[in-house]
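Biologist: I'd like to go through this one with you piece by piece. Could you put it up so we can both look?

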Amino acid sequence: MIMRDRMLELRDVHYGTGDKEILKGIDLVIGESRIQSIIGVNGTGKTTLAAIIMGLNGYRPHRGRIFFKGRDITDLSITERAKLGITLAWQIPASFEGITVKEYLSIKKNFTAPEKALKLVGLNPNLYLNRVVDENLSGGERKRIELASVFSVKPKLVILDEPDSGIDMASITAIKKVIKNFKKMGTSVLLITHSERMAKVGDTVSLLCDGKIVKEGNVKEVTEFFRKYCRECDHIGEIEEEILK
Amino acid sequence: MSIDYSKEFEMIAEVYKKTGGDEKALFDKKHGALIINENKVLGKNEIKGMRIEHQSLKNGVKVKIFVEEGIKIENPVHLCFGMLPKEGRQEIYSEFIIGKNAGVEFTAHCIFSNAKHIEHIMDSEVVIGENAEMSYTETHYHSESGGTFVYPKLRGEIKKGGRFFEEFKLTEGRAGTLNIDYEIDQDERSSCELLTKIYGKKDDRIEVRESLNLNGVYAAGTAKSRIVLTDNAFGNVLGEIKGNAAYTRGHVDCHEIVHGDGAKAVSTPKISVENSFARVTHEAAIGRISKKELETLMARGLTEEEAVDFIVRGLLR
């Protein structure tokens, strides 16, 4: 991949808290209009990776650099990264007391119209625009509204942290469609999941284990490896070379 | 409409409009209205079934508003209490007498947008008759000086089956020194909802007491407050409900947000029951704005300040 095609690049990114190293030298490249899945069981550093890329408070690499479209963004704030076109949808989205869906989807100038953003995630604007973004929405509704919010800011790269967790099958199908729509619109997606079914939406998959990417590439190959060795994983941090071969 | 078309009236109507009020409602005949500046009644409009009596005092006005039995007032009644000068004292002694089976909605605006040192005393008595309904939303617009000293006091009685909704909102300008003291007695099967929303800044001092006495069987009430404190502002909220009769239901819901190292908040839910079939609950939270809420908005491109404003706007709506 030539440099200008690289939407995001992580070079030897390390991060930890106290004595514990959570990310142990992540190298990762995501191309333009590509869906890159990151799969791993709980506790392998997936959400930390999302936080590092978005630049959340307290998440700065101890070593290594992060590049976005060739620019070093390692020291930029969340807002600065968002203004470049990076955004994040959390596993459990935040609630906003008193804020309607319409307002939530209109927070940025030049946003996609809220009606359009809702339609893109399969929600009827007439039923949702005036609802409040709080706990009265179901998990599936809230997730879809979060994706609509991501759409609304027209990002170049979106990080989706476990978009399928805690929701029903119908919503999962809708969310998969939404992720593919991101790609069609030219947005790159970093799809973080512990589900091989969801990971298969990606063009390529990287397997994260104990803070390291231990396998990456072909979707079928990596997800089958994950199913065979990781779902019942009892050797985090001790992956034997023979298995990886 | 017996209006004194003085310059004062026009000025206060203009401010009323700027602060979000429907100034046309102050002129037309469909809406009941009362407009007061300092100790002068600049205008009033009585509509069918509603009577307004008033008397000017040295530093204010005494007002009685009566809604007749069985009368449902179709349009909101607009009340405008203002002090256009920069300094002074205004005392409003008001009585609201809502007849049996009547219904009325009041929209009140209190305007102190030029204040350098203004004292505003609002001493109200409310009597809501059997199966009557009254809604009272009071929105304050203060200057940025912090020189407003506002003391709203309300004593209310809701008779059997009556309903009362009261909202106090002060989110524009500085709260200054604000001391709210509301206490309502409720008869059987009555309901009451008190809601207070205040944005305190700089060295504003805010004291709120919302108290409900659920005296009749099946009486229900909530005392809810949303206070945001920034800079060195101080807020102290007491939400108090007494379940004095069987099957009464009460809930205190207080949420204070502090943003800034100097802001301080105190919240005290005080609940009691004197009947084993009564149930009164409370929830109180004091804290910073959620990091996740902030970071979600910042990840959409807002600065931290913009994100805080957005969250606060929703909370205080």
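Biologist: Let's begin with the open sheet of 9 strands in chain B: in what order do the strands sit?

Modeller: Two strands pair here if DSSP finds at least two bridges between them, and strands (E, at least two residues) and helices (H or I, at least four) are DSSP runs numbered from the N terminus. The pairing in this sheet is mixed. β4 (50-56) and β19 (264-273) of chain B are the edge strands, each pairing on one side only. The full order is β4-β5-β7-β9-β11-β13-β15-β17-β19 (chain B).

Biologist: Before we go on, what kind of model is this?

Modeller: It's a predicted model, where local features need pLDDT of at least 70, side-chain atom pairs count only at pLDDT 80 or more, and totals for chains, interfaces and linings use all residues. Residues are numbered from 1 along each chain as its sequence is written, with chains lettered from A and ligands numbered from 1 in the order in which they are written. So the kind is: predicted.

Biologist: At the β19(B) edge, which residue stands opposite Phe234(B)?

Modeller: Strand β17 (residues 234-243) of chain B runs parallel to β19(B), with 10 bridges joining them. In β19(B), the residue opposite Phe234(B) is Lys264(B).

Biologist: And in β12(B), what is the bridge partner of Glu138(B)?

Modeller: Start from strand β10 (residues 133-142) of chain B, where 7 of 10 residues are buried (20 or more other C-beta atoms within 10 Å of a residue's own; exposed is 12 or fewer, partly exposed in between, with C-beta atoms placed from the backbone). On one pairing, strand β8 (residues 103-112) of chain B is parallel to β10(B) over 10 bridges, and Ala108(B) stands opposite Glu138(B). On another, β10(B) pairs in the parallel sense with strand β12 (residues 163-172) of chain B over 8 bridges. There, the partner of Glu138(B) is Phe168(B).

Biologist: What radius of gyration does chain B have?

Modeller: The C-alpha trace spans about 55 × 55 × 35 Å along its principal axes. The globule rule, 2.2 Å times the number of residues to the power 0.38, goes with a radius taken over C-alpha atoms. For 317 residues a compact globule would come out near 20 Å, and chain B agrees, at 20 Å.

Biologist: Over to chain A: which strands stand at the edges of its sheet of β6, β7, β8, β3, β9 and β10?

Modeller: The 6 strands form an open sheet with mixed pairing, in the order β6-β7-β8-β3-β9-β10 (chain A). Each edge strand has a single partner, so one side of each is left without a neighbour in the sheet. Those strands are β6 (86-89) and β10 (212-217) of chain A.

Biologist: Inside that sheet, what is the bridge partner of Ser37(A) in β9(A)?

Modeller: Strand β3 (residues 35-39) and strand β9 (residues 204-209) of chain A pair in the parallel sense over 4 bridges. Ser37(A) is matched in β9(A) with Val205(A).

Biologist: Which element gives the most to the side of chain A that touches chain B?

Modeller: Counting contacts as C-beta atoms, placed from the backbone, within 7 Å, 19 residues of chain A are in contact with 17 residues of chain B. Both α2 (78-84) and β6 of chain A supply at least two residues of that side. With 4 residues, the top contributor is α2(A).

Definitions and conventions. Contact = placed C-beta atoms within 7 Å.
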